[in-house]
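Colleague: Please pick one part of this model and take me through it closely. I would like the cut-offs stated as you go, and then the wider setting.

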Amino acid sequence: LDAESDETSEATKKKKKIAVMTSGGDAPGMNPAVRAVVRAGIYLGCDVFAVYEGYTGLVTGGDLLKKMSWGDVRGFLSYGGTNIGTARCMEFRKREGRLMGAYNMISNGIDALIVCGGDGSLTGADLFRAEWPSLLDELIETGRLTKSQVAPHRNLTIVGLVGSIDNDMAMTDATIGAYSALERISEMVDYIDATASSHSRAFVVEVMGRHCGWLGLMAGLSTGADFIFIPERPPKHGKWQEDLKHVCSKHRAKGRRKTTVIVAEGAIDDQLQPITSDEVKKVLVELGLDTRITTLGHVQRGGTAVAYDRLLSTLQGVEAVKAVLDLTPEDPSPMIGILENRIVRRPLVEAVALTKSVADAIESKDFDKAMSLRDTNFAEAYHSFNAISIDDDDETKLLPESERLNIGVVHVGASSSGLNAATRAAALYCLSKGHKLFGIVEGFSGLIETGEVRELKWLDVENWHNKGGSELGTNRSLPSADYGKVAYYLQKYNLQGLIIIGGFEGFSALHELYSETKRYPIFNIPKILIPSTVSNNVPGSEYSLGSDTCLNQLVKYCDAVKQSASSSRRRVFVVEVQGGHSGYVASYCGLITGAIATYTPEAKIDLSVLQSDIDLLLEVFANDRGEDRNGKMIIRNEQASTVYSTELIADLLKENSGKRFETRTAIPGHVQQGYTPSSMDRVVAIRFATKAIQFIESENKIIANDEYCSPSVVLGVQGTDIKLLNVAHLYSEDADVKLRKGKTVHWREMTYVSDMLSGKLMLLEGK
Ligand code: ATP
């Protein structure tokens, strides 16, 4: 795989030559993106060049434009920052700089450029493409290149990958690096929380985001902050001080021992006057709070990419190469984005223009427009933050008495990390509307045996945002253990809606209650399942709370395991991961840890599979010239085979290694259920909980007319949408009850990409 191809062969001359660069501010995930572009490019028959130091490398050429081999990007998944460097390049802003860029590209036979950077970098790339024909003409006219040299490269293909920790690009839900930065912020605020609570202090935490409040808003949600300041929703000039005091003193009066205020570095008031951390601190001090400022600064850019960013950048890198090969000269340059769970291509120019119009809207004080130009999640998240942190007992926001509901919440199944965060959000959202949320203690068996149900008050749940496990208690029991008792208690507490938070058992519980409505009319209330399980095996949903935390645990675990081989070298780890009969965790884990092979229940292990993986390992170690110090990984789902256990696979590989490598097993076990929920799980928990309450509210308005409609849905992410999916339909069409999972395998693509980037496909296809 590392062998250099023969430069002189005809085939090589015809090869598409692609350059990849990272530009602007660095972002975690840039390295995995470069790895994906290089390896997908090589697999798809291209030569891939790395442009070192951003546009400086293009302008300078020479050693800064380097043809990459397969092995050059080895280990890139685990590195933060960007190994090929980034820079702000003034020369490229001038035509002469871009002329040099065109010269250097054509001299190397390159006419496609994948740029991973922010809106500035993508603007530069678009300008470069627009000018390309005139740059080539000038190079010919000035005798620097000949017509025949230029002829094959008359069209420049540009593809944008958005690398930015601010998540400030329009037409995509997430940019590469944003969730890693959010994770760093959440971790830091968690640390600060401990000392804040101990001393009953207030902390003003300043986060990045000069023109975009995404980090500030999401940090506010994920850290359970009291108040946030973001540029898109500036508070009233001269009045915000009063509002801040009101909210913080209200929370203190309820018993909170700490105060957290998040300030985006670009925070302003509605007269565009900056709001600084010092000013915020002054107001909190006036309130009598012992207040400190923490400016997180570059810590937010630091460290290795979280699981989501590794996934996003890998899938987008592969998509960028495919786009290069698909595009015609007439096509507009695409930017690779993501909507919910789908990688999408969007017109780069439009996305950049839309992004810039947010800044213009803020500048002209049209804040509603600024808000509307951000994606819908942003506005929803802002609404949720207000509901759960600002308006939590604002009399004017309460629903009329007749519309206030009693809602139950129950945790079902194995523990996972989003259970408490979702329950907290549901409770706080309920309080903001005048509903009451009742927590069912110890699942359905608890209800049946003890009937213990607790009304969840503000102070009970306010610090559950970062608590893993289940404060209410969870187990696998189902209502069928005693429908009569379940019905009795639902009636006793006059519950008018039920939120089940859990995995496949939660799905089964929902279906049972739905199916028994005729016998127990009390079950005819709106019921909704919030998927929450490490395995992500709930029919109908491509996302479950807790699965992101699990993948982050695995990323850390696998990075450590791989590195542990650096002294002994030539070691292969067979890592056994959870997931029951669902290969989701294994497939995603394989992709984001760069595994050589992934074994899932969906693709059975047999001798021929093992033999080809042994061949691949022998090939990889034969080509290792000593520069690769890390171990290799094989990911095996716990139920992938009844015969080929983790130990047996490790032994078989070792036995057939010809002493060229040794093997070890590694089983992370319950570590995967997480400790502290990831910031993504915390934020999505709030989103799901808010939607669940809204569903129960709207269904209660129509249920009175239909005796047995028993609205029962699963909240599911499907492709680019969040849907409310009828449980009866899912049960008959998509549930594999025996294997406890959905029949739709939405992660198949992961294994394909993983095999492409590990080199397995090349070997199998004899390339
Ligand atoms: P970040 O979001 O981290 O600021 P960015 O990509 O927006 O990332 P910029 O500093 O704006 O960062 O741009 C990076 C580089 O892209 C610039 O140094 C310059 O070389 C090039 N560039 C930016 N804007 C243009 C432009 N209008 N014309 C030509 N080149 C540009």
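**Strand β16 and its setting**

Modeller: Strands β16 and β21 (residues 712-718) run parallel and are joined by three bridges. The model is predicted, so local features are given only at pLDDT of at least 70 and side-chain atom pairs only at pLDDT 80 or more, while totals for chains, interfaces and linings use all residues. Residues are numbered from 1 along each chain as its sequence is written. Helices (H or I, at least four residues) and strands (E, at least two) are DSSP runs, numbered from the N terminus; two strands pair if DSSP finds at least two bridges between them. Opposite Lys 527 of β16 stands Ser 712 in β21.

β16 also has β15 (residues 498-502) as a partner: five bridges join the two, again in parallel. Here Ile 501 has Ile 530 of β16 as its bridge partner. Helix α19 (residues 504-515) completes a right-handed β-α-β unit with β15 and β16. Right-handed is meant in this sense: with the strands pointing away from the viewer, the path from the first strand over the helix to the second runs clockwise.

β16 spans residues 527-531, and five of its five residues are buried. A residue is buried with 20 or more other C-beta atoms within 10 Å of its own, exposed with 12 or fewer, and partly exposed in between, the C-beta atoms being placed from the backbone. The cover is on both faces: Lys 527, Leu 529 and Pro 531 lie on one side, Ile 528 and Ile 530 on the other.

Past β21 comes strand β22 (residues 721-726), which holds Leu 725. This residue is partly exposed because it has 19 C-beta neighbours inside 10 Å. Contact is taken as C-beta atoms, placed from the backbone, within 7 Å. Leaving aside neighbours within four places in sequence, Leu 725 is in contact with Val 713, Val 714, Gly 716, Gly 540 and Leu 730. Its C-alpha atom is separated by 30 Å from that of Gly 590, 135 residues away along the chain.

Lys 743 sits in the loop between β24 (741-742) and α26 (748-758). With 11 other C-beta atoms within 10 Å, Lys 743 is exposed. Not counting residues up to four places away in sequence, it touches Asp 734 and Asp 736. Between the C-alpha atoms of Lys 743 and Asn 537 there are 9.3 Å, although the two are 206 residues apart along the chain.

Another covered element is helix α8 (residues 214-222), where nine of nine residues are buried. Its cover includes α7 (178-199), β6 (202-207), β7 (227-229), β8 (259-264), α14 (376-390) and α24 (679-703). Just after α8, Gly 224 takes a positive phi of about 65°.

As for the whole chain, the secondary structure comes to 27 helices and 24 strands. Of the 767 residues, 54% count as buried. Among contacts with a separation of 6 or more, 79% are between residues 24 or more positions apart. The C-alpha atoms fill a box of roughly 85 × 70 × 50 Å along the principal axes. The radius of gyration is 27 Å, which agrees with the value near 27 Å for a compact globule of 767 residues; it is taken over C-alpha atoms, and the globule rule is 2.2 Å times the number of residues to the power 0.38.

Key
Two residues are in contact if their C-beta atoms, placed from the backbone, lie within 7 Å.
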